[in-house]
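Biologist: I'm in my first year and still learning how to read a model like this one. Could you take me slowly through a single part of it?

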Amino acid sequence: MSYRISPAPYIKPPDTVPRMMFLVIGALLPATFAGAYFFGLRALGLVLICVGTAIGTEYLVNRMMKRDQTIADGSAAVTGLLLALCLSPSMPFFAAFLGTVFAIAVGKQLFGGLGYNTFNPALIGRAFLAAAFPVHMTSWVAPFAYRGLAAVTAATPLAAMKFQHELTPYGRLFFGNVSGCIGETSALLIILPALLLAGIGLINWRIPAGYLGTVALLGGVFWLANPAQYPDPLFQLLAGGLMLGACFMATDLVTSPLTPRGMWVFGVGAGVLVIVIRLFSGLPEGVMYSILIMNALVPLINKYTRPRILGQKK
Amino acid sequence: MKTFSQGIHPKYNKKKTANKATRELPPPKKVIIPLHQHTGATCEPLVKVGDAVQEGQKIGDTAKFVSAPVHASISGKVTRIDKLPHPCGTEVLAVVIESQPVNQSTGQPVESGPADRQTGRPADLSPEEIRQVVREAGIVGLGGAAFPTHVKLAPPEGKKIDTVIINGCECEPYITADHRLMLEKTEEVVDGARIIAKAVEADRIVIAIEDNKPDAKERLKSVARKHKENITVVELETKYPQGGEKMLVKAALGREVPSRGLPLDVGVVVSNVGTAVAVIEAVRFGTPLIKRYLTVTGPGIKEPSNVVARIGTTFKEVIDHCGGLTDNAAQVIMGGPMMGVSQVSLEVPVVKATSCVLVLTRREMAEEKTYPCVKCAKCVSHCPMFLVPSRLAAFSDNGKYGEFEEWGGQDCIECGSCAYVCPARIPIVHWVKLAKFKLRQMK
């Protein structure tokens, strides 16, 4: 009889990488269905195109590079879904397709595949689309426009604030009845599942805490200094892609820091960048660039925020 | 409740054996006694093939300081001295003894075991005499690391020891041998602790126990009260690796053992409860370490039990005394499921460090498929040493041993908490051990 030989430990909890990926997908479904509810079946169509394209691209790249097939681990589907959720509901299907191919092929596989990419692949796809299709990326539809109930186009709350100084009611921001990207509008349906994921340790609470806390604090400072010019902190938190970014993009495991202190640095840094971009640049929104810039700093952050080893001199 | 930071909460699976009294296995017909059962130098054999030996007779020793002699665990004849499989996965020079029930010259049965020798009242022994007795008895740390106890009891010049911690945590899942020992030999645990404290001239004894063993805690407390020394029983949270020396010193006393240092650097000597019992038995009766408490358990064992087995008994024989293997037994492990060593065959002997023979079936075993590291940082948030295990594994994998050291790889205690929580199933500890091995080779 032969016995199995393997390194210790011999017992493990059931968590595996695929299980984590599918939990993230599950946690994103409420926001996805909210997108379908507010922006119609077209939004759902975009989601399906992005997820399908992501899996297909991953499959083809793996075949071309003669790597083991990885589509079953769920990570490609997560990238496709996240990208779809940060697109305008009126995005042309072919553009969504191209953006997803870029996200997987360049943002992820070119770096070596799952675990090796420096930048959040979904945001790489989105940045590509922002450069390639700037008009489509900034055309918005009003919620329920598909039912013919409202005007077809509408500014996002952040754009309305920045360019017209128009404040959107908090209730609408909280529940998602505003124009914006497919999955970013409902703060409620993003926060609740994210809290569940944080509860089981799948996303680290330090990153969203640092991120949202900094936006609220720094946004609050500007608001106090000049309330006529700058929006209040609650608006900063609820409007735009911040919730989705803080809960599901900045917390991307692969592209965020490993160390507890590093996670704070990462979150705070991204928060500062969001406020700077929102208040002082030509863009109404800065979540995407704030995260991408912090992604680039992760190796450095890890290096300089190593925990103090037990017994090491303080 | 006192505890250390981080660590994990695996399923403990101790219920099957925690309430089962220990039974002593009959002496086997044949024992295999490796000449290396401890940290340090291998012993030289003191016997040759054909020699008759008595139970308790010293059969291997060395002049090296960091080592411990080994003794015959049955009376009989030496039939072989050869390199034989050791449960740590290597081949080690070992003495095989086969029992000879009848004395050939007189035709009389040989006495089973030496008459208990009184070495004098323990209270009269000086620290140096205690160390001598402990060394001659071949006592090593019985918690698993098997560090020679007489070395531990000889703190270097200038290191004042104020506290002896007796480690009764038994934080590895499945194992209950120490738990039973604390219940069944409570007096001996406490008396052994007093001797150890005397040897290192410490005036305080702390017996540390996890809160999943309240019966043992109560019994230890009631025994400790009878003595005039400063003996306290400290209850610690049930958490792995609470019994790791550095975690234990931190949890029980709030002191941090310096990086790459030993508990004696902060005035502490840590000894396992089993070691304490071995010490008192050696001091009282001159009994050498030829038996030990161990748990034979796991879903692959028909009758999980706590047993006392002679050193050198094969795993096969020990398992047979516990009902044998189940049909679906798939992996045999010496030690616990977190730090144990998986075995190729059952023809390996119980050694001084064998706290458990654990047999798992396919069902409890983790699937073997691994994934790339997704940087989830679970290893970082569970490492009780506050290392960054995923980086250490990657440095080892890439041969970057300089960076491995720079990131504190040598501080790793190999507890396996990181590999346990890793969702990518990366054998992190394996990579760490490999890097440490390569670094040793380079030096």
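Biologist: What do the buried residues of α2(B) pack against?

Modeller: Happy to help! This is a predicted model, in which local features need pLDDT of at least 70 and side-chain atom pairs count only at pLDDT 80 or more, while totals for chains, interfaces and linings use all residues. Residues are numbered from 1 along each chain as its sequence is written, and chains are lettered from A and ligands numbered from 1 in the order in which they are written.

Now to your helix. α2 of chain B covers residues 127-136, and its buried residues are B:Ile130, B:Val133, B:Val134 and B:Arg135. Here "buried" means that 20 or more other C-beta atoms lie within 10 Å of a residue's own; 12 or fewer makes it exposed, anything in between partly exposed, and the C-beta atoms are placed from the backbone. These buried residues of α2(B) pack against α3 (149-152), α5 (186-200) and α8 of chain B. Such contacts require two C-beta atoms, placed from the backbone, to lie within 7 Å. Helices are DSSP runs of H or I with at least four residues, strands are runs of E with at least two, and both are numbered from the N terminus. Just after α2(B), B:Gly138 takes a positive phi of about 70°.

One of those partners, α8(B), leads us to a sheet. In chain B, 4 strands form an open sheet in the order β11-β10-β9-β12, with parallel pairing. Two strands pair if DSSP finds at least two bridges between them. At the edges are β11 (230-236) and β12 (268-272) of chain B, and each of these pairs on one side only. On average, neighbouring strands in the sheet are turned by 25° against each other, ignoring direction.

Let's walk across the strands. β10(B), residues 204-210, pairs with β11(B) in the parallel sense over 7 bridges, and B:Arg204 stands opposite B:Asn230 in β11(B). The parallel strands β9(B) and β12(B) are joined by 5 bridges, where B:Thr163 has B:Val268 as its bridge partner in β12(B).

Next come the helices that lie on this sheet. α6 of chain B (residues 214-225) lies across β9 (163-168), β10 and β11 of chain B, and runs at about 170° to β11(B). Your α8(B), residues 273-285, packs on the sheet by touching β9 and β12 of chain B, and its direction makes about 85° with that of β12(B). For these angles, axes are lines fitted to C-alpha atoms, for helices over the stretch in contact, and the values run from 0 to 180 degrees between N-to-C directions.

β12(B) deserves one more look. In a regular strand, side chains alternate between the two faces of the sheet. β12(B) is mostly covered, with 5 of its 5 residues buried. B:Val268, B:Val270 and B:Asn272 are buried on one side, and B:Val269 and B:Ser271 are buried on the other.

For contrast, look at B:Lys443, in the segment after α14 (428-442) of chain B. B:Lys443 counts as exposed because it has 5 C-beta neighbours inside 10 Å. Its C-alpha atom is 36 Å from that of B:Lys239, a residue 204 places away along the chain.
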